[in-house]
Amino acid sequence: MDFLTNDKLTIIGAAGMIGSNMAQTAMMMKLTPNLCLYDPFAQGLKGVAEELYHCAFDGAEITYTDDIKEALTGAKYVVSSGGAPRKQGMTREDLLKGNCEIAEQLGKDIKAYCPDVKHVVIIFNPADLTGLVTLLHSGLKPSQLTTLAALDSTRLQSALAQQFGVQQCKVTGCHTYGGHGEQMAVFASEAKIDGKPFTELLGNELPLVRWDEIKGDVIQGGKKIIELRGRSSFQSPAYVSIEMIAAAMGGKPFNWPAGCYVNTSKYHNVMMAMPTVIDASGVHYTDVHGTAEEMAALDASYEHLCKMRDEIISLGIIPAVADWKTVNPNL
């Protein structure tokens, strides 16, 4: 059985719906036989492990533990969904304090138990902040940690495909940037629908009022899943996050926007979605280009991220920006 690598992949929060789906997806994609599942909920964790054993994946060496030291020791890749889930009526930002405290401990545990980890993907909300906190306390380089942001872009792609009645892969060049929350910036000026420029369709085949509705639906995409299924998304974040870590493990590069640490002349010391590529050397981002309206939306999203960052600074979860290098010299 050919695997992408033999390196240890640890999935944190493996007893949950996202985590268990990530584990199965990683095995189905043949990323590595060396899969470790971690969750403090020992009974549920054992249940997930038993189900994976019953799948009889050829060549698999799946282990599980409720000891974080054991889970992280020797890990070269980590994906964490190990935060509180979003429930009906909640925004991603409602999870801020509790999940950022979880991220703080995760960062410290990574530094203590797997300082040689190659890449970490954080997906528990609010991912822009939990990822930033984890990065700061882990001591990793910015290229070594990404957060799940692509779902907003894939939801936009899906919405446009349904609107125009085309196969989803025929919608290209549409993305969301900035925060992975209700202040995300929607970019479609460079999109094409089955080869046709979106700008030629907007106002003609797509009325402006309908476009505003689509943008609203995309921004509230996670809320809609909760309303429809009675629980937060798990299939899509599980699959996309494993695609991200697969790219870092040397698989096909991941080209959807990922949340990454950004410090440019315009955007300072935040984790946010950018035009990115994840490959075996880590995550790399380029500048965002769009219309004046799109860039204004991105600026507003950035300002919102700064406010949330400053809130967790005030809570003592991370130090003031000027002191970050004392905690993580790579920032």
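Leaving aside neighbours within four places in sequence, which residues is Lys-196 in contact with? In this predicted model, Lys-196 touches Ala-191 and Leu-201 once those neighbours are set aside. The chain that holds this residue has 331 residues, with twelve helices and 15 strands. The points below go from the whole chain to its cysteines, then to single backbone positions, and end with Lys-196.

**Overall form**

- The chain has a radius of gyration of 19 Å, which agrees with the value near 20 Å for a compact globule of 331 residues.
- Taken along the principal axes, the box filled by the C-alpha atoms is roughly 60 × 50 × 40 Å.
- Of the contacts in the chain with a separation of 6 or more, 71% are between residues 24 or more positions apart.

**Surface and charge**

- Buried residues account for 51% of the 331 residues.
- The accessible surface of the chain is about 14,200 Å², and carbon and sulfur atoms contribute 50% of this area.
- The chain carries 28 positive and 37 negative charges, and the mean positions of these two sets are 1 Å apart.

**Cysteines**

- The structure has zero disulfides.
- A disulfide is a covalent bond between the sulfur atoms of two cysteines.
- For Cys-100, the closest cysteine sulfur is that of Cys-306, at 15 Å, so the two are too far apart for a bond.
- Cys-100 is also buried, since its relative accessible area is 0%, and the cut-off for buried is under 20%.
- For Cys-174, the closest cysteine sulfur belongs to Cys-169 and lies 12 Å away, which is again too far for a bond.
- Cys-174 is buried as well, because its relative accessible area is 1%.

**Backbone at Pro-126**

- The peptide bond between Asn-125 and Pro-126 is cis, with omega at about -10 degrees.
- Pro-126 is in a loop that follows strand E5 (119-122) and leads to helix H5 (127-138).

**Positive phi at Ala-56 and Asp-194**

- Ala-56 is not a glycine, yet its phi is positive, at about 60 degrees.
- The loop that contains Ala-56 runs between helix H2 (42-55) and strand E3 (63-65).
- Is Ala-56 buried or exposed? Ala-56 counts as exposed because its relative accessibility is 59%, and the cut-off for exposed is over 50%.
- Asp-194, another residue other than glycine, has a positive phi near 50 degrees.
- Asp-194 sits in the loop between strand E10 (192-193) and strand E11 (196-197).
- With a relative accessible area of 46%, Asp-194 is partly exposed, as this value falls between the 20% and 50% cut-offs.

**Lys-196**

- Lys-196 belongs to strand E11, which spans 196-197 and borders the loop of Asp-194.
- Lys-196 has a relative accessible area of 47% and is therefore partly exposed.
- Thr-172 is 24 residues from Lys-196 in sequence, and their C-alpha atoms are 9.9 Å apart in space.
- Beyond the neighbours within four places in sequence, the contacts of Lys-196 are with Ala-191 and Leu-201.

Note on methods:
Residues are numbered from 1 along each chain as its sequence is written. This is a predicted model: local features need pLDDT of at least 70, side-chain atom pairs count only at pLDDT 80 or more; totals for chains, interfaces and linings use all residues. Side-chain values use heavy atoms; hydrogens and water are left out. Helices (H or I, at least four residues) and strands (E, at least two) are DSSP runs, numbered from the N terminus. The radius of gyration is taken over C-alpha atoms; the globule rule is 2.2 Å times the number of residues to the power 0.38. Buried means under 20% relative accessible area, exposed over 50%, partly exposed in between (1.4 Å probe, protein chains only). Contact means heavy atoms within 4.5 Å. Accessible areas come from the Shrake-Rupley method with a 1.4 Å probe; for residues, only the protein chains shown count as cover. Lys and Arg count as positive and Asp and Glu as negative; His and the chain ends are not counted. The place of a charge is taken as NZ of Lys, CZ of Arg, CG of Asp or CD of Glu. A disulfide is a pair of cysteine sulfur atoms within 2.5 Å.
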